[in-house]
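Reader: I would like to learn how to read the side-chain contacts, the enclosed space and the backbone geometry of a structure, taking one feature at a time. Could we begin with how exposed a residue is, and then move on from there?

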Amino acid sequence: MRSRINALAFALMVITSMLLVACGAKAPAAEPTTAPDAAAAPAATAAPSTEAVTIRYGLWDGNQQPAYEACAAAFTKTNPNITVKVEQAGWGDYWNGVQTGMVSDTAPDVFTNHLAKYPEFASKQQLVDLKPFIDRDGVDTKQYLAGLADLWGRDGKTYGLPKDWDTIAVVYNQDMLDKAGVTVDELNNAEWNAKDGGSFSQIIKKLTVDANGKNALDKDFDKTKVVQYGFIPGGGGGAYGQTQWSHWAVSNGFKFNDGLYATKYYYDDPKLAETIQWYANLNLVDGVAPALADIKSLGANALFTGGKGALTTDGSWMIGAYTKDTKFKVGFARLPKGPEGRKSMFNGLADSIWVGSKHQEESWQWLKFASSPACENIVGSYGVVFPAVQSGVDAALAAYKAKGLDVSAYTAQATEANGTFLFPVTDHASEIGPIMDAMMDSIMLGQKTAADGLKEGNDQVNALFK
Amino acid sequence: MTTHRQPRLAARREALYAWAFVAPSLIGFLVFFAVPSIRGLLMSFTDWDLLRPAKFVGVANYVRLLGDADFRHALKVTAYYVILNIPIQTMLALGMAVMMDKFSKSTIIRGILVLPWLLPNIVVALIWLWLLDPTMGFLNQIIMGLGFQRQPFLGSIDQAMPTIAAINIWRHAGYTAILIYAGLQTIPKELYEAAAIDGANERQKFLGITIPLLRPVLVFVLVTTIIGSFQIFDTIAITTKGGPVDATRVVYWYIYEYAFVRFKMGYATTISVALFAILITITFIQMRYFNANSSDLD
C-alpha cells in the first residue's frame, strides 16, 4: 500500500515537473525578442535578400485598409520578394492583439502605433530602434510636418516614422443650421469661454429644439422633451479628451503637463475644472446635449448622422464617417475662438517594427516606403486621412475636393500659428486611461463636480509616477 | 498459502483499473487546473507585466490589496449582484420545477425552459444589449409607446446592475429549474400520499416534505450558482465594461482590467487568489450550514 502511494506520488511529480518544464521552456525561447540585442542594429550594408518574405502589417482604421493595400502592391512591385499582408482589427481588439501577440510571439512585424501606447512598448523593449536604419539609409525626417517626427523619439532612439496627422473641427448639419437661421459664417466666427459658453453657447441653444418647436433660448423651452440637440458631445473623453474637451480646455489656458515624458499631470487646474463643468452641464443643466448613456450606446457619430443633433466636434480621420451615406449635407467649421485662441490637439500616428519580427530588414524596407511620399501620396489620394508629408496632404485635399467636401477647417487649424498642441505623451498611459475614464464619466453623469473629480483623478494619476 | 495471494492480486488489479479510470480526469485536473493555479499563486508574488521578466516582490501585492479601496468596491458590487441574482433566480427555478412536476412532464416544455441556457453567454448579452439600448432599444420603444419616459437601463449607475442581474436570471432560471426538477423525482410519492391521508394541505406538503427532502439538491444548486454568480464576467464585458463609472466593476472585471488593460499580471493574480480564498470560505460555510452530505431520506 505504502509503496503504491509512493509510486503514484512519484509519477505525479514527474508529470508535474514535466509540465512545469514545458511551460517554463517558453520563456527562454522568447528571451532573444525581449533583449535589446545587436540583432536590432542593421548591417552596414543592406543585404539584398532574394528569399521570398511575407511581412505582416497591422492597422486599426478599416477606412485606411484599401489605401495601404494599394501601397503594399506598389511596394511589392519594386521589391518582388517581399509581400505585405495588411491585417486590420478594430481599436480595442487591435491593441489586445498586438500586446498578447508580443507575449505569444505572434505580433505583426510592422504595426500602426499610437502616442498613448508606444512609450510603454518602448520601455518594455518591444520596439526596434529605427535610428540606425534612418542614419544608414539617410531618411530625411524633416520631410514630415513640423513636430510629428519628434513625438516618436526618446533618449536618442526613434520608435516610429510618421504616417499621418489629425486635428479637430466642428461638424455641422447644414439643414438644421438653415432651419434655425444660423449661418456657417457665424459658426466659423463663434467665440467660446468656460463661464457662459460665449456666442457658441448661444448658437447651441438656438439649435436645440423641443417637442413644441421651441428652441432653448425660449423661456418656455422644455428640456425634458428635446427632439433636436444643439450639440452632441463625444462622451467623457477619458484622460485626453482628444475629440471631446481638449480643444475647449487648452483654449481656456489649460495644459496637460510640461511636455514629452513629463512626470506630472495638471488635471487639478481650475481652468480644466470650469471647462469640464461647462461641458457636462450642456446635458446636466441646460439640456442642450444628449445624456452620456445615449452617447455611449450609439456613439456621437451615429447620433449625429441619425439626425439627433446639429453640431459636434470630431477628428479629421472621421470625415468619411460623417459624410458617407448621410441623408443631409454635412460641413466642417472652425473650432470656436477661446480665451487663448483656437486650439486643436495635433496627433500623429506612426509605424513601428516589433523586436520579435524575424524579418527586420524587410520590415524596415516596408516601413520606410509606407512613410515616404511615394506611399503617402497614394494614401492621400484615397481621401481618408491627412498624410504626414505635404505632398500627401495635397493629394488628400484634392481627393476631398473631388468628393465635394471642404475640409479646410482641419488644415487651417493645423497651419495656424499656435493653433495646435501635441498629444500628451508620458509613461503609465495604460493606467492613466482607466482612472480618468471613470472620473470623467462620473462628472458627466453628475455624480461628482468637475473640481472634486478632477482633483481626485489628478492625485491618483500623479501617484503612478512616484 | 495460495489462498492468501489470490485476493491481494485481485485487489492490486482492481486498484490498477481504478487508476486507469481516474487517470483522464486526474491528468486534466493537473494540466488545466493544478499547474495553472500554482503558477498563478507564484505569479502573485511578482510584478510580471507580460513582457518583461518577472521580479519577485514578496507580499507587496497582498499589502497593496489590503489597502485597495477599488478592490473593496469591486467586492461590494459583486456581492450586490449575487444578492440580486441568487434569491430571485432560485425562487423562480423552484417555482418552475414544482409546476413542471405537478402539471407537465413534457420534454418540449423542459426543452424550452433550458433554451436561454443553451445560448452562448455572449449572444445573450448582445441580444439584451440591443433590446435594452437607451435610444434605439426595442424595450424602450414599447415603454415610450405606453407613454412612459424611456429608461437608460445599462447606461445608468442605478439601473445597470439590476439589469445585468435580470439578464442572467433570464438565462439561468430554466436550467436551475431542471436541476431542481430532477431532485423532485427522487422524493418518494408515498410520502405525499401518506401526508394527504393525514389531511395535510399543499402548503404543508411543500414545506414539510418537498423542501426538507430537496435539501441536498438545493444546496448543490446554491453552491454552484453562488460560485457562478461571484464569477460574473462575460455579460459585463459585453454590455457595460465595468461602467457606468464603476457601477458594475465586479471582481472578475477588475482582475481583467489589471491583467489586460493595465498589464499588471502580478497584481491581477493576487486579486484572483483573494477571490479564490473568499469562494472557498463561502462554499465551506454553505456545506457546513446546510449539512449537504446527508439526506433526510435515509
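Reader: Is A:Trp91 buried, partly exposed or exposed?

Author: This is a predicted model, and in it A:Trp91 has a relative accessibility of 39%, so it counts as partly exposed. A:Trp60, in contrast, has 16% relative accessibility and therefore counts as buried.

Reader: How should I read a pair of aromatic rings?

Author: A pair of aromatic rings is described by the distance of the centres and the angle of the planes. Over all chains the structure holds 44 aromatic pairs. In one of them, the ring centres of A:Trp60 and A:Trp91 are 4.9 Å apart and the planes stand at 90°, so this pair is edge-to-face. Because A:Trp60 lies in the loop between strand 1 (53-59) and helix 3 (65-78) of chain A, while A:Trp91 lies in helix 4 (residues 91-104) of chain A, the pair ties together parts that are 31 residues apart in sequence.

Reader: Which residues do ring pairs link into a cluster?

Author: The cluster linked by ring pairs holds A:Trp245, A:Phe254, A:Phe256, A:Tyr265, A:Tyr267, A:Phe421 and A:Phe465.

Reader: Where does the charged end of A:Arg154 sit?

Author: The charged end of A:Arg154 is placed over the ring of A:Tyr261, at 3.6 Å from the ring centre. In chain B, B:Arg262 lies over the face of B:Tyr258, and here the distance to the ring centre is 4.7 Å.

Reader: How is empty space inside a protein found, and what lines the largest cavity here?

Author: Rolling a probe the size of a water molecule over the atoms shows where empty space is left. The count here comes to 1 cavity of 30 Å³ or more, and the volume of the largest cavity is about 40 Å³. Its lining is made up of A:Leu59, A:Trp60, A:Asp61, A:Gln64, A:Thr112, A:Lys163 and A:Leu349, which divide by class into 3 nonpolar, 2 polar and 2 charged residues.

Reader: How many disulfides are there over all chains, and which parts does the pair of A:Cys71 and A:Cys375 tie together?

Author: There is 1 disulfide over all chains, formed by A:Cys71 and A:Cys375, whose sulfur atoms are 2.0 Å apart. The angle about the S-S bond is 105°, and the link is right-handed. Since A:Cys71 lies in helix 3 of chain A and A:Cys375 in helix 16 (residues 373-381) of chain A, the pair ties together parts that are 304 residues apart in sequence. A:Cys71 has 0% relative accessibility and so counts as buried, and A:Cys375 is buried as well, with a relative accessible area of 0%.

Reader: What should I look for in the backbone?

Author: Most residues other than glycine have a negative phi, and most peptide bonds are trans. A:Tyr261 has a positive phi, near 60°, and is found in the loop between helix 10 (246-251) and helix 11 (270-284) of chain A; with a relative accessible area of 16%, A:Tyr261 is buried. In chain B, the phi of B:Lys241 is also positive, near 50°, and this residue is found in the loop between helix 10 and helix 11 of chain B; B:Lys241 is exposed, with a relative accessible area of 52%.

Reader: Which residues does a cis peptide bond join?

Author: The cis peptide bond joins B:Gly243 and B:Pro244, with omega at about -10°. B:Pro244 is found in the loop between helix 10 (234-239) and helix 11 (251-261) of chain B.

Key. Residues numbered from 1 in each chain as written. Chains lettered and ligands numbered in written order. Predicted model: local features only at pLDDT ≥ 70, side-chain atom pairs only at ≥ 80, totals over all residues. Heavy atoms only, no water. Phe/Tyr/Trp six-rings, centres within 6.5 Å; stacked < 30°, edge-to-face > 60°. Helix = DSSP H or I, 4+ residues; strand = E, 2+ residues; numbered from the N terminus. Buried < 20%, exposed > 50% of the residue type's maximum accessible area, 1.4 Å probe, protein only. Lys NZ or Arg CZ within 6 Å of the ring centre and 35° of its normal. 1 Å grid on protein atoms, 1.4 Å probe; cavity = no way out; pocket = protein on both sides within 12 Å on 5 of 7 lines; lining within 4 Å. Points joined across faces, edges and corners; volume = space filled by probe spheres on them. Nonpolar A, V, L, I, M, F, W, Y, C, P; charged D, E, K, R; others polar. Disulfide = S-S within 2.5 Å.
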